[in-house]
Amino acid sequence: MFVVPAPTADGPLAGRDRETGRLGDIVAALAAGRGAVLDIAGDPGIGKTRLAAELTERAARRGLPVLRACALRTDARPFQVFRDAGCADPRPGERDRYDTVVERAAGGVLVLEDLHGCDPASLELLLRLIRSPAPAPYVLALVHRPRQSPPALLAALDHGVRTGTVTRLAPEPLDTAGVSALLAAWRAPGAGGEEEHPAGDGRFVDRLTAASGGNPRQLRLLVAACWDPDQWPDRAGADSDGLLREATAVIAELDALSPRAAVAARTAAVLGEPFRLDDVARISGLGPERTLDAFAELVRADLMRTAGRGGLPAFRHPVIGHIAHESADLSFRLRAHRHALTMIAERGGPAREQARHAEHLAGADPAAAAVLAEGAAEIVTGTPATAARWLRLALDARPSRGPAAGPSLELACCRALIAAGRLEEARALAHELLAGLGPQDGLERLLKAHAVCAAAERLLCRYEEAEAIARTGRALLPAPLPPVLSAAATDLILEYGLVHVLRGTHDQVLPVLREASRARSEAPATVSTALRVLIAFCDVFSGSVAQAAPEVTRCARLVDALPDRIAGHTPDTLALLGCAELYLERFTDARRHLGRGLRAATGGAQKHIRAHQLLGLTMIDQWAGRLDEAQRSAREAELLARAVGAPDVVKLATAMRATTLVWARGRQHADRAVALAERAVDTVSLGRGWWATSAISLLAHAQLLGGDAAGCLRTLLDGGGGERLPQVQPTFRPSLLALMATAALAARGDTETARRLLARAETAAQGLGLPLQWACVRRAQAQLHGALGAPGTALDLFEGAAEQFRGAGLPLQQAWTLIAAAPAARAVHGPAAALALLERAESLARPSGAALVREQARRVRAELAERDAVPDSLRLLSGREREIAELAASGLRSRQIAERLFLSPRTVDSHLARVYRKLGVSSRLALAQVVRPSA
């Protein structure tokens, strides 16, 4: 949570470096004997008073005198602001007053605030002070709102700015960094870790910055109201009392209005923006003419501004409307909302507009519940949080909570809560609903209740419970399925399939899904399309690429033909389609569909699906070298998953972010990134389904990239279910087997294990026919041939893999492959060829800022230079082989070498056998003559 500090002049100052720099220059100049006229102008709440306070603080620290006062609209005394500042003499005469002000301000700072409300006599004296140079140096700081300031004051200040006699500070709205700094300053002690706090959520801060307009006061108001981005601008936040406590300045502005202007403002607030002037006139009872006069006053007071087509008025910021509404008398609000509801119903307005008013009448009007339910149905796709709130109110306002009222509202509320990401609430309500249903409620309601309950459990990553509930619902249907499926039956079967996909047991549900797809469904076409996409995804996931690829293409055409609003009704569809295309290596199509899914999920809808889509985009962006975007997407997915309470999604997002960090920051930061991934994966039950195995494979990648080959091998063996990796998804199995082979070579030079793993990887890749899986296998095969002393074959394989990565638009993988190929190129074509590959790899990595690639290129370049310093006969040996050869040539036995290098004697003997073969020797004596010819 945030703790908004009491409004003081010395609160945190963020995002004002330019302004504070100018203030420092002005105070320094004053100390040197040069005065200034300073114009501090801007909208209400933008930070003018805070800058004026900064000026006085800096002057006081230098021992300079400070005078300060505020113009008061309620005080009609002539020269009020100067009197309150202590620099106005009661003697008559303009010249005497001017001299008195200059005399008393001389050598110091005179700050006059809220000058848009000053009295005429003060204004005349101000104009003279601005236009006439003072005989003694001082700083005259004038703080005002330009929209409300007298034209004469504005003209004088503009003239001074043009001629250089006035310095203007017009603070701009804060950017995201400034807002983030204020939020961090307002953070409550003990409010949770950085990763869980909203101030650490970049998207939350972006949205809050936009909502507040970067205005510090408006930011304070929204934070005090416990602002919720999913319900803005419909509501300021959940804490109306907190909003009103912070809104004393705005309430004072409202209280200063004439009675008719106050009524007009509060009526407009009841209607909500955009409102119509004739509606305000009708509900307020003011009539057209007095309403126009009232709005003219509101515009003069800058509580409203003219905007949009026809110059219609609107509150200067939506939060002002919320304050006007919440500060109105309860009786006024109830009557106004009742009149508004009647008026909109009479003109046949949509249910969502009626529900905005029925919300305030729930419990007082028996008809409100039906209006709220109808309005929620209209908005649930776009703004599910508001729909859930209306449905909760409708449930509480029902005449009866018994069976006669039926479960329809509960079902609708469960779906809205799920769409809004409030999964625990949805689960509790769904279980309550399911427990209260029986055969008397009918098959359709039972199927719907089982489906929504299973969905809540699935999204909370409770797959066993979700599968059990969905299976129980499935048992209510006949076997085989009827030729025509109801909409409820189709939804339940779709949910049953989604549960099994995430459990990694999709093969168990595919027959049921295929049977359902052959039946005619009474569900909307979008649900039938979702079923087809799910089946295609299962086929891809299972490795049936040849069968699935054409169906994914057909499904893409169906989905592309749907408008966003309709596609948003089945949010899983775009996520599943995008992931299927990702597995098929159709990255452009996958990015398009995942991105479309994100755009369709507006108003806070479908946070859980949004997290899935962001994970897919993270993977694509990481492979494509868009590392900054990948980190942002992974971070947002992680925060969304935390918000909805989906632990497995959090773990996968964290592992993705860790892998991206290794690529972006290099091995210098690899330990921290790998530790992050290890913490994420540590609590995953190994072999527990798609999330777990995906997170494990990402951890293995991060470990190998970070230099921990042994850890990579161990993670894959433990998490993948053994050397054959039976628990990983088949579409990624070739590349993960290749990763294991690479780790085996790097960790212990184990060519036999690498050869065995790569034989399996090649068989798996042949069955899939996916180019990038082949590229990963070929790269690992090249590394094996290099270790076996066949650089020519290795180079051919490296070049083929690099070309496949290039064709797929994966510059980091291409660069990594070229770096691995450099030693083979050195052996076949000489040093220049190796250096050319390294330079090419560095140029590929440069646009993405991949520090790891640049580090690896430098490391390999140094190793090649070191090899050039050893005898030609030893250049065929790997680093480990040369190390063992030198120890053996010194007279150590295999067991002694093994103990020194922490290897097994058998591994040492295997290395020596390869050394003998590469060097063409048959004994240790001959080896010593090659390795140490002068010994």
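**Strand 4 and a helix pair**

Strand 4 (residues 139–144) is mostly covered, with six of its six residues buried (under 20% relative accessible area, 1.4 Å probe, protein chains only). This is a predicted model, in which local features need pLDDT of at least 70, side-chain atom pairs count only at pLDDT 80 or more, and totals for chains, interfaces and linings use all residues. Residues are numbered from 1 along each chain as its sequence is written, and side-chain values use heavy atoms, leaving out hydrogens and water.

**Strand 4 and its neighbours**

- In a regular strand, side chains alternate between the two faces of the sheet.
- Val139, Ala141 and Val143 are buried on one side of strand 4, and Leu140, Leu142 and His144 on the other.
- Strand 1 (residues 36–41) pairs with strand 4 in the parallel sense over six bridges; pairing takes at least two DSSP bridges.
- Ile40 has Val143 of strand 4 as its bridge partner.
- Strand 3 (residues 109–113) also pairs with strand 4 in the parallel sense, over four bridges.
- Leu110 stands opposite Leu140 in strand 4.

**Helices 41 and 42**

- Helix 41 (residues 811–829) packs with helix 42 (residues 831–845) at an angle of about 170°, their axes (lines fitted to C-alpha atoms over the stretch in contact) 7 Å apart.
- Helix 41 is therefore roughly antiparallel (over 145 degrees, on a scale from 0 to 180 between N-to-C directions) to helix 42.
- Contact means heavy atoms within 4.5 Å; residues of helix 41 including Leu818, Ile819 and Arg826 meet residues of helix 42, among them Leu837, Leu838 and Arg840.

How values were computed
Helix = DSSP H or I, 4+ residues; strand = E, 2+ residues; numbered from the N terminus. Parallel < 35°, antiparallel > 145°, perpendicular 65-115°, else oblique. Buried < 20%, exposed > 50% of the residue type's maximum accessible area, 1.4 Å probe, protein only.
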